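Me: Could you walk me through the packing and the chain contact in this one? I'd like to go through it by question and answer.

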Amino acid sequence: MTRIDGYGHALDRTRTSTVTVNGRRYTGHPGDTLASVLLAHDVGAIGTGVKYGRPRGITAAWTEDPTGLVQIEEPFPEPMLLASTVEITEGLVARGVNGQGRLAQVPDHARYDRRHTHCDVFVVGAGPAGLTAARRAARDGSSVVLVDDRPTPGGTLTGTERIDGKPALAFVDDVVAELAAHPDVTHLQRTTAFGHYDDGFVLALERRTDHLGSEAPAGRSRQRVHRIRAARIVLATGAIERPVVFEDNDRPGVMLASAARDLLHRHGVLAGRDVVVATTTDSAYAAALDLAAAGARVQVLDARAEVPPSWADRCAAAGVAVTAGTTVRGTVGEHRVHGVLVGDDRAEMPCDLLLVSGGWTPTSHLVSHVGGTLAYDEALGAFVPGEQLAGVDVVGAAKGTFGLAAALREAGGDDAPTAPEEPSTPSLVVWRTDGDPSRQFVDIARDATVADVARAVGAGMTHPEHVKRYTTIGTAHDQGKTSGMLAAGIIAELTGRPITALSPTTFRPPFTPVGFAALAGCQRGELFDPVRTTAIHDRHVRAGAEFEDVGQWRRPRYYPQPGEDMTAAVLRECVAVRTRVGIMDGSALGKIDVQGPDAAVLLDHLYTNLMSSLKVGRVRYGVMCGHDGMVVDDGTVLRLAEDRFLVTTTTGNAAHVLDSMEEWLQTEWPHLRIRLTSVTEHWSVFAVVGPRSRAVIARAFPGLNVSNAGFGFMTWQDTGLDGVDVRLARISFSGELAYEVNVASWYASALWDHLVAAGEPEGITRYGTETMHVLRAEKGFPIIGQDTDGTVSPHDLGIGWAVSTKKADFVGKRSFARAVNHDPMRKQLVSLLPTDATTKLPEGSQIVAWCDDGALPPPPVPMLGHVTSSYLSAELGRPFALALVTGGRERIGEVVGVPVGTALVPARIGGSVLVDPEGARRDG
Amino acid sequence: MQLILCPHCGPREETEFCYGGEAGVPYPDDPSVLDDEQWARFVFVRANPKGAFTERWSHAAGCRRWFTAVRDTRTHRFLDVESIGASQPPTTPRR
Ligand SMILES: [Zn+2]
């Protein structure tokens, strides 16, 4: 047990919590992390590396740790968290990660949510610079949001510093209290700004409950994603200490100097009793002196030729031995360090903890996210933020301004706090020392060594982005926080190019890993993507419908009776419609109300056929093409008045059609007097279809003249039912006598019930989209998007009759005049009947020439087309298909081959209309 | 997530907008007088400059209005926006 009294400002020593790691129980205090508890119990290795299986321990005290990965088992499974960032709670169970983590196999029932915030100034980092910047903005009257990823504010302050003449942590408390008193300041700890985007947009993740354990209030979201838009952003993200690469530098017991100092002051943990500090810079001396004061035996190896005098004096006074001009070459030990190899003669120096400092790298991820450049600073041996980004200020260590006094000045302006100036001596930039490159780990998280970098360079890669992809350096959970700079330096050394000639790899969000659950927020399950249901969805559910998703719509697909599968149900529904009467909810159909004196002008231009000649009271089928002459949508057009049309579109295409109409109106012909309104939701539409539909409609609407003379095909009529307006149209998508009954959706349920009741004597049968598809395919009616793919013209579909030859122009007309459009070898829509009358050809199957031996020849086999729709037909008593076939209409009668599995199935090409080609049924 | 200035609504997030391609490519007065190559140019060929590009955008999830914008294709910065019809004369539809 190495807990030191008098240290540990983050701990509540009056309480204890017990956690289980790798099956052993450890007791700590609230304020501990898993890492501090383990180190307090002298635990070295906790897991193993990803590639070589070497032991892995804790290397750093916060998110930069490349090694201390744990798998959380309780209270909820989570893979690959850092022991250094997990705050302990009673009952926490974790396991060291051996190689890779494991995703939870149980659903996550925790709540995750999202908050949008706009502010004048957004400050990232509540260290001394960030607190000072936030205070300055708040005093200026700005609205401020301050976030910091640690549990408590203060950043890397240890409590030993003095600011404005008082202990640093008292200064922190004062600033926090002042900020809390401002009504326009939001200050969030445990909140990581993980992505920085254009125009002052930042995403931040707040962890709200995990640290509270069982005391977390019920109903509080576990994590919250803040979406913050700020007029100005201040990045006070600090800097990350980096190690030096040497042989066996991955062994547990090798740690960043700052981490040991942090663990001591924050958690009262002395990470080793016999400590060697290897440094190239001043800051490690503070760690050495603090650990010595806490009772450790400490020796310092300074790579620089001379020991800075002020540190030499202090070390001498504290009994800390210092050797100049010396570096570590390797470590010895099994599962943790027992000693280090020092200097050219690799003399063994015993120790149980090796602290390393190779200098500090500004944490410039959020600069890089938004496209900011980084520039190499020779003195720091690090990339620092380059040219200033509009609206973004970087202050303190994040900008390369090291030293407390200077950082406070930079962040604070006129009323900046003050701190004593510390003398500083230039650092020595050292990326690695001499040794076996295959045991010198550059990225310990990826088990990537100097030898791997050398291989990448030897293979011709010189840019860090290329080396990163070749070696995977910088792609682990830590995204190379400690290794990225080292990799750049070593690449420079190996290629002999100056590091200033290299640009570092681009940092991309997220700064630290973010769970998908947090990003999804409340948008899970039913809320993931809005489900659109029609006004009578409950009727379908009660009738036992099976549903299918069509775009965002959930439509009844078929209504199975007890014991029926889909095939049986659809065959039954098809028979019912073709022999008696069926009813279908067609409300999902897109509907656009086109109003205005120039309405016909627009429709004439957008549809291939003439709409201006349509008489009020009549309905016309219309086809829409793109400029390239290819079909984009079809539907019916009802002329409601001289200046008003109701246009229907395919279910999935309604928004697109409305958008393209708007585009024409606004960009090409803004002078047309037209208003467009989506009325898809306003009107419910029920299709009553089949030879007995006339009897059903007559019973449902007693006053209506339903005779063929009184209510002809492709006409509409308004009527009423119990004082409610109802519109009926004789439109058929099956070839049968059919009525589409429209009513305002408010009355949809009543009308549906009324129609079902009226149809009972005729045996009316509910049917779904699957039966609708079969019936339309039997008639050769294409479904745009299923039987077409954006390369199919109306002529290819056999609906050239819907293309006007009278109009001077319409969208797509000019393209029809191109020679390629008249090529008889274009793919055309035809039917396919498998000659065995039993095989249902899979949709999407390729079509090839038939070979007499019934086998698919070796490739290449020329493709003649593909199957677009395929069903079992009750009417035909066999399966059939629609297909796009090269020169299809010329080939009618030919047998082609369709590969199905390993067999080649023969199928005969026919005309696209298989049922009632004369159209005798449409009038009943 | 950048902000785009809608001339009607003010700055809004880019996800509210729809891209409409190069501006100033009017529908031809009479497509029937164009030869196949000229027509294909209208249908398929658009400029793709590096730098300032005049484009059409629609505030699709807002006011649903189209407008013209000048965008620097290197930086995605919008240099100017203007509502449609502010300067261009309407073309006459053919019947
Ligand atoms: Zn707008």
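Reply: Happy to; we start with the nonpolar cores of this predicted model and then turn to the interface.

Me: Which helix gives the most to the largest nonpolar core?

Reply: That core has 51 residues, and A:Leu34, A:Met255, A:Leu291, A:Val298 and A:Leu355 touch the most other members. One helix of chain A contributes eight residues, the most given to this core, and that is helix α5 (residues 283-293).

Me: How many residues does the other core have?

Reply: This core lies apart from the largest one. Among its members are A:Val145, A:Ala193, A:Ala382 and A:Val384, and the count is 47 residues.

Me: How much area do chain B and chain A bury between them?

Reply: The contact takes 28 residues from chain B and 29 residues from chain A. Carbon and sulfur atoms hold 49% of the buried area, which comes to about 2,700 Å².

Me: Which side chain meets B:Asp36 in a salt bridge?

Reply: There are six salt bridges between chain B and chain A. For a pair to count, the nitrogen must be within 4 Å of the carboxyl oxygen. Here the N to O distance is 2.7 Å, and the partner of B:Asp36 is A:Arg814.

Me: Which helix of chain B gives the most to the side that touches chain A?

Reply: Across the interface, 16 residue pairs are in polar contact. On chain B's side, the helix that gives the most supplies five residues: helix α1 (residues 36-44).

Me: How many charged residues are on that side of chain B?

Reply: By class, this side has 15 nonpolar and four polar residues. The charged residues there number nine.

Definitions and conventions. Residues are numbered from 1 along each chain as its sequence is written. Chains are lettered from A and ligands numbered from 1 in the order in which they are written. This is a predicted model: local features need pLDDT of at least 70, side-chain atom pairs count only at pLDDT 80 or more; totals for chains, interfaces and linings use all residues. Side-chain values use heavy atoms; hydrogens and water are left out. A nonpolar core is a set of buried Ala, Val, Leu, Ile, Met, Phe, Trp, Tyr and Cys residues joined through side-chain atoms within 4.5 Å. Buried means under 20% relative accessible area, exposed over 50%, partly exposed in between (1.4 Å probe, protein chains only). Helices (H or I, at least four residues) and strands (E, at least two) are DSSP runs, numbered from the N terminus. Contact means heavy atoms within 4.5 Å. Buried area is the accessible area (1.4 Å probe) that two parts lose on being put together, summed over both. A polar contact is a pair of N or O atoms within 3.5 Å; within protein, one must be able to donate a hydrogen and the other to accept it, and residues adjacent in sequence count only if both atoms are side-chain atoms. Ala, Val, Leu, Ile, Met, Phe, Trp, Tyr, Cys and Pro count as nonpolar, Asp, Glu, Lys and Arg as charged, and the others, Gly among them, as polar.
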